Amino acid sequence: MQKILAYPLTVIYFIIFGITLLVFHPIQWICFNVFGYNAHKKSVSILNWLLMRCSNLLLTRYTFSNPHNIPENRPLIIVTNHQSMNDIPPIIWYMRAYHPKFVSKKELGHGIPSVSYNLRHGGSALIDRKDSRQALLEISKLGKYIERTQRSAVIFPEGTRSRNGHPKKFQTTGLKVLMKQAPSALLVPISINDSWKTLRYGKFPYGIASHLRFEVHPPLENQGDPDALISQIEHQIINGITSFQ
């Protein structure tokens, strides 16, 4: 019964979602080219709040738990598991005070209204997963950028999303590069639960009535052995993923 209901709701969702992206593409362009970075950043934050509201049409709910007093005057490296594209709007919205920039595959930098424009102009790193040299160079640039501007980088060390909620082994090279290039950054682990259920049937229809939960763990100083730090972060994130346990 739930899957049957998912078909019409997904059609409505796609229409409203697409209109939102189309409307905000020129808004972003105007904000960026006329008013500058801060206006563009605000437009992106509002866009992602609206994208979350679009997903409410699928009866999707969000819980974002961040009880920590994370300072806004230093860079962050936000490390999280990855379950679907629906992971991204809540991170952008709820962590908006920290100006999150993403490590993203380069294919997303073209062809998607609003999304591609923000990735190209908002400070994110677009990497070619088939070209490790290019990928590490872009990640290195992002690390230097957040160190200089005291903004934040978001990286999904699993590399690709989990299709069933079960975490994948971290690929640590890119994270190590970020840590090296942003030595003053706080490391902020986040566990994401049940985002994969929005794609439980594939790309059509979308899953409905999913409850996406985000848990921010205590930040860690970027000091000491990188391998030990990454192992601790991975352990925190995995322990916070309950959907496969």
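A residue counts as buried when its relative accessible area is under 20%, and as exposed when that value is over 50%. Keep this in mind as you work through the exercises on this predicted model.

**Exercise 1.** Find where lysine 203 lies, and decide whether lysine 203 is buried or exposed.

*Solution.* Start with the location: lysine 203 sits in the loop between strand S6 (186-193) and strand S7 (211-216). Next, take its relative accessible area, which is 69%. The cut-off for exposed is over 50%, so lysine 203 is exposed. Finally, look at its partners on the surface: Lys203 forms a positive patch together with Lys105, Arg129, Arg163 and Lys168.

**Exercise 2.** Stay in the loop between S6 and S7 and turn to serine 210. Is serine 210 buried or exposed, and which residues does it contact beyond its sequence neighbours?

*Solution.* The relative accessibility of serine 210 is 2%, so this residue counts as buried. Setting aside neighbours within four places in sequence, serine 210 is in contact with Leu59, Thr60, Arg61, Asp194, Lys197, Thr198 and Arg200. Now pick out arginine 61: 149 residues separate it from serine 210 in sequence, yet their C-alpha atoms are 6.3 Å apart in space.

**Exercise 3.** Place glutamine 28 in its element, then work out what it touches.

*Solution.* Glutamine 28 belongs to helix H1 (residues 2-35). Its relative accessible area is 0%, so glutamine 28 is buried. Not counting residues up to four places away in sequence, glutamine 28 touches His40, Ser43, Val44, Leu47, Ser114, Tyr117 and Asn118.

Terms used:
Residues are numbered from 1 along each chain as its sequence is written. This is a predicted model: local features need pLDDT of at least 70, side-chain atom pairs count only at pLDDT 80 or more; totals for chains, interfaces and linings use all residues. Side-chain values use heavy atoms; hydrogens and water are left out. Patches are made of residues with over 30% relative accessible area and no salt bridge: like charges are joined within 9 Å, nonpolar side chains (Val, Leu, Ile, Met, Phe, Trp, Tyr) within 5 Å. Accessible areas come from the Shrake-Rupley method with a 1.4 Å probe; for residues, only the protein chains shown count as cover. A salt bridge is a side-chain nitrogen of Lys or Arg within 4 Å of a carboxyl oxygen of Asp or Glu. Lys and Arg count as positive and Asp and Glu as negative; His and the chain ends are not counted. The place of a charge is taken as NZ of Lys, CZ of Arg, CG of Asp or CD of Glu. Helices (H or I, at least four residues) and strands (E, at least two) are DSSP runs, numbered from the N terminus. Buried means under 20% relative accessible area, exposed over 50%, partly exposed in between (1.4 Å probe, protein chains only). Contact means heavy atoms within 4.5 Å.
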